[in-house]
Amino acid sequence: MNAESLAATKAELLAELHKDVFLTPKGMLKFVQLFVVICAFAMTTSASGTSNLYVGQDNEKDMKYAVTAKVKIGYPFSKYHYTVSVQKADNVDTNIIDQDKNDLVTDGFQGEAQFYVFVGVISFLYTIGVIICYAFYKKFEKMNDYFGRYFTKVDFLATIVLTFFWFLSVTLWSAGFSALRSDLNPPIEFAMLIQNIRTDSGLETVCQAPGYSCVTTDSWSKLYGSIVFGYLCILLYGVNGWYCFKDTEWHAEPGKLGGILHLRTDNSTSGTAGLEDVNLEAGRGDTATIQPGAI
């Protein structure tokens, strides 16, 4: 294919490009949705949480050895990694031993997290596809009559379904995240380890509850952010659903409305004179032709 053919093909595509739709709220919202959806599921899959425990002479003067422990968990939040390290002098005896293991989370939050990410990925793919359909709407409409007839309806219904899925997934994942933080503040392994240290050292004041001063936990900023973006997705898809509905033939169709439509037939701007009532009975299929400036 020579340069002239490429230039002709490019010019043809640009001529068929439906750019005006991206200047409307519906078109602009699609790009905002794309950004927010990526942030929502990407922050979830990349998030991890760590809880650290330290008991030693820095916080307990009478301790003869130091114990460092860590619990780390990441997506899909079904397993965690637990390590214990003991630093002691050669002449110091202790029953606390080094550990390094992977174990399953007691409650398990894999389902909630994966469903949340699934909704995000599906929304991302759908939004990409719709943007392409918007951009080349004229071309697709020429290729297939059914596209022009049903696309707006499919777009509206799919947007409503995704809005519901976002509401469901964010609700489930918010509850799961709250329970996850409770399980790791502190982890049950830390509570058992602290009790063993108290028994082994004979110091009942080690890392006193509540608060467990020897335990520090991450801020979980990424997961907080992912949930915020999830709620934004509910708002964005809900608002976008309204604009999609306005593009369908179901919006304000006179034959499906009931009541009285008042039309002004003169040039006055106020008063009841010159008003003509048009009865719109639901189901009759009657239509009223409204001239510009008549209302």
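L125 sits in helix α3. The model is a predicted one. At 52% relative accessibility, L125 counts as exposed, because the cut-off for that class is over 50%. L125 also belongs to a nonpolar surface patch. Its partners there are F118, V121 and I122, and the patch covers about 330 Å².

Helix α3 spans residues 110-135. E112 is another of its residues. Is E112 buried or exposed? Neither class fits: E112 is partly exposed, with a relative accessible area of 24%. That value falls in between because buried means under 20% and exposed means over 50%. Which residues does E112 touch, leaving aside those up to four places away in sequence? The answer is L172 and W173. G176 belongs to the picture too. E112 and G176 are 64 residues apart in sequence, yet their C-alpha atoms are 6.5 Å apart in space.

Now turn to the sheet. It is open and has 5 strands, in the order β4-β3-β2-β1-β5. The pairing is antiparallel. Which strands stand at the edges? They are β4, residues 99-104, and β5, residues 215-217. Each has a single partner strand, so one side of each is left without a neighbour in the sheet. On average, neighbouring strands are turned by 15 degrees against each other, direction ignored.

Strands of a sheet pair through backbone hydrogen bonds, either parallel or antiparallel. Follow the pairings here, starting from the β4 edge. Strand β3, residues 79-88, is joined to β4 by 6 bridges, and the two run antiparallel. Within this pairing, Y82 has K101 of β4 as its bridge partner.

Further along the sheet, β1 and β2 pair over 8 bridges, again in the antiparallel sense. L53 is bridged to A69 in β2. At the other edge, β5 pairs with β1 over 3 bridges. This pairing is antiparallel as well. Here S51 stands opposite T217 of β5.

What lies across the strands? Helix α6, residues 188-201, does so. The helix lies across β1 (48-55), β2 (65-74), β3 and β5. How is α6 oriented relative to β2? Helix α6 runs at about 170 degrees to β2.

Put the pieces together. The sheet runs from β4 to β5 in its strand order, and α6 lies across four of its strands, namely β1, β2, β3 and β5. Helix α3 carries E112, which touches L172 and W173. Helix α3 also holds L125, one of the residues that make the nonpolar surface patch.

Key:
Residues numbered from 1 in each chain as written. Predicted model: local features only at pLDDT ≥ 70, side-chain atom pairs only at ≥ 80, totals over all residues. Heavy atoms only, no water. Pairing = 2+ DSSP bridges. Axes fitted to C-alpha atoms, helices over the stretch in contact; angles between N-to-C directions. Contact = heavy atoms within 4.5 Å. Buried < 20%, exposed > 50% of the residue type's maximum accessible area, 1.4 Å probe, protein only. Patch = residues over 30% accessible without salt bridge, like charges linked within 9 Å, V, L, I, M, F, W, Y side chains within 5 Å. Areas by Shrake-Rupley, 256 points an atom, 1.4 Å probe, with all protein chains shown as cover. Salt bridge = Lys/Arg side-chain N within 4 Å of Asp/Glu carboxyl O.
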